[in-house]
Amino acid sequence: MTAEGVAYPIDLHTHSLRSDGAYAPGDLIRMAASRGVRVQALADHDTLAGVAEAVAVGEQLGVRVIPATELNTESDWGDVHVLGYFVDPADAGLEDRLRWLRENRGRRIELMVERLAALGHPVRLERVMEIAQGGALGRPHLAQALFEAGHVPSYDAAFDTLLSKDSPAYVARVGLTPLEAVRLIRAHRGVPSLAHPGTVAVELEVALPELVDAGLAGIECYYGSHSVDATVRYLSLAERYGLIPTGGSDFHGRGEHGAPLGGVRVPPASVAALDERRRSALAGAAYHVEPLGRAR
Ligand code: AMP
Ligand code: ZN
Ligand code: FE
Ligand code: FE
């Protein structure tokens with residue numbers, strides 16, 4: 001036990017069927033509750049559609065659900081994924097931007113389906129949509145369809161072969177730049193945190209000052225696939241740049257990222273710090289927001 005104490009599981013990074021997770025939002029919260037989780041962020045990619053259901057079930061079971069979304073960006077900085085905490089599902093302006101991002105996701109997956117067919121690995125787009133059940137489309141849905149059709153030996157293998165970044169079937173994401181993602185969350189009074197910083201391809205000492213300047217408030221230090229050394233390094237970067245150390249399982253119920261639901265230790269102090277940031281965001285500390293471009 002640390003001085004802060006870790007009395008109960010906290011999971012600030014989970015995905016449901018509303019994006020590329022395998023479980024309905026309510027079922028995800030039920031599973032988490034049965035594992036003792038008391039604070040959970042639902043962070044579906046580019047959507048807040050699961051929040052109401054998750055919050056309702058959380059209220060019954062004593063799980064505090066934090067509404068969130070994960071904005072994945074792909075650029076010469078590599079994969080910069082931004083978690084936005086405390087965004088409001090009723091915010092129409094934000095929903096407009098999220099809808100645009102979801103449309104981009106759909107087009108990207110359609111293009112990948114076309115390329116896969118041309119490469120001799122046909123899957124039916126209808127089947128991919130069925131798997132997604134209306135959720136924001138992503139490679140996980142395609143991976144499952146490829147596995148079902150026998151084109152890959154396992155779901156995970158799809159990411160290492162046909163769906164990897166160096167595969168001829170791969171289509172890069174079109175959407176926000178990393179700085180735009182951070183600004184979008186801030187503009188809508190959310191609290192942005194850099195997810196799994198290990199996927200950032202440039203030195204964090206280069207990226208973080210710019211991200212912090214754009215309004216980044218946290219960094220995901222606690223993550224299933226981080227080594228102890230990596231966690232220590234991210235914690236020291238958090239301290240250096242004044243960022244809140246966040247963490248979570250990134251549970252999808254499909255391929256996992258090194259930890260089961262609720263399985264990453266996150267100190268309650270991190271939630272308290274996020275709450276504090278949330279209060280100052282709501283207090284409307286004047287914040288300059290750049291107009292958002294449509295293309296990268
Ligand atoms: P996309 O956003 O469509 O590029 O897909 C990214 C999602 O795929 C991430 O959110 C992960 O959940 C999942 N993913 C990426 N790489 C892997 C992998 N190697 N194994 C399992 N899931 C993965
Ligand atoms: Zn995902
Ligand atoms: Fe991510
Ligand atoms: Fe994620």
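In sequence, the donor residues of the zinc ion (ligand 2) follow the spacing D-x24-H-x206-H, donors being N, O and S atoms within 2.8 Å of the metal (3.2 Å for Na, K and Ca), with water not among the atoms, so that sites may look incomplete. D20 lies in the loop between β1 (10-14) and α1 (25-34) and H45 in the loop between β2 (39-42) and α2 (51-61), so this pair ties together parts that are 25 residues apart in sequence. Helices (H or I, at least four residues) and strands (E, at least two) are DSSP runs, numbered from the N terminus. The model is predicted, so that local features need pLDDT of at least 70 and side-chain atom pairs count only at pLDDT 80 or more, while totals for chains, interfaces and linings use all residues. Residues are numbered from 1 along each chain as its sequence is written, chains are lettered from A and ligands numbered from 1 in the order in which they are written, and side-chain values use heavy atoms, with hydrogens and water left out.

Coordination of the zinc ion (ligand 2) is through D20 (OD), D20 (OD), H45 (NE2) and H252 (NE2), at 2.0 to 2.4 Å. Both D20 and H45 are buried, where buried means under 20% relative accessible area, exposed over 50%, and partly exposed in between (1.4 Å probe, protein chains only). A separation of 6.0 Å lies between the zinc ion (ligand 2) and the iron ion (ligand 3).

The iron ion (ligand 3) has as its protein donors E70 (OE), H81 (ND1) and H196 (NE2), lying 2.1 to 2.2 Å from it. The corresponding sequence spacing is E-x10-H-x114-H. H81 belongs to strand β4 and H196 to the loop between β5 (191-194) and α8 (204-214), so the pair ties together parts that are 115 residues apart in sequence. H81 and H196 are both buried.

The loop between β7 (244-248) and α10 (268-282) contains S249. With 0% relative accessibility, S249 counts as buried. The side chains of S249 and D11 are joined by a polar contact of 2.7 Å, a polar contact being a pair of N or O atoms within 3.5 Å, of which, within protein, one must be able to donate a hydrogen and the other to accept it, while residues adjacent in sequence count only if both atoms are side-chain atoms. A polar atom of the S249 side chain also lies 3.1 Å from the backbone nitrogen of F251. D250 is likewise placed in the loop between β7 and α10; D250 counts as buried at 3% relative accessibility. The phi angle of D250 is near 60°, a positive value in a residue other than glycine.

Most residues other than glycine have a negative phi. For R189, phi is near 60°, a positive value in a residue other than glycine. R189 is located in the loop between α7 (178-187) and β5, and with 41% relative accessibility R189 counts as partly exposed. L235, in helix α9 (residues 228-241), counts as partly exposed at 30% relative accessibility. The C-alpha atoms of L235 and I219, which are 16 residues apart along the chain, are separated by 8.4 Å.

Pockets and cavities were evaluated on a 1 Å grid over the protein atoms alone: a cavity is a set of points where a 1.4 Å probe fits but cannot get out, a pocket is an open set with protein on both sides within 12 Å along at least five of seven lines, and lining residues have an atom within 4 Å of a point. Grid points are joined across faces, edges and corners, and a volume is the space filled by probe spheres set on the points. The largest pocket has a volume of about 700 Å³. Its lining comprises 29 residues, of which N72, H81, R139, F159 and H257 lie nearest the centre of the pocket. Two or more lining residues are given by each of β3 (64-75), β4 (78-85), α3 (92-118), α5 (139-148) and α6 (155-160), and α6 supplies the largest share, four residues. The lining of the largest pocket divides into five nonpolar, 11 polar and 13 charged residues, with Ala, Val, Leu, Ile, Met, Phe, Trp, Tyr, Cys and Pro counted as nonpolar, Asp, Glu, Lys and Arg as charged, and the others, Gly among them, as polar.

One cavity of 30 Å³ or more is found in a search of the whole structure. The volume of the largest cavity is about 70 Å³, and its lining includes D46, N72, R105 and R173.
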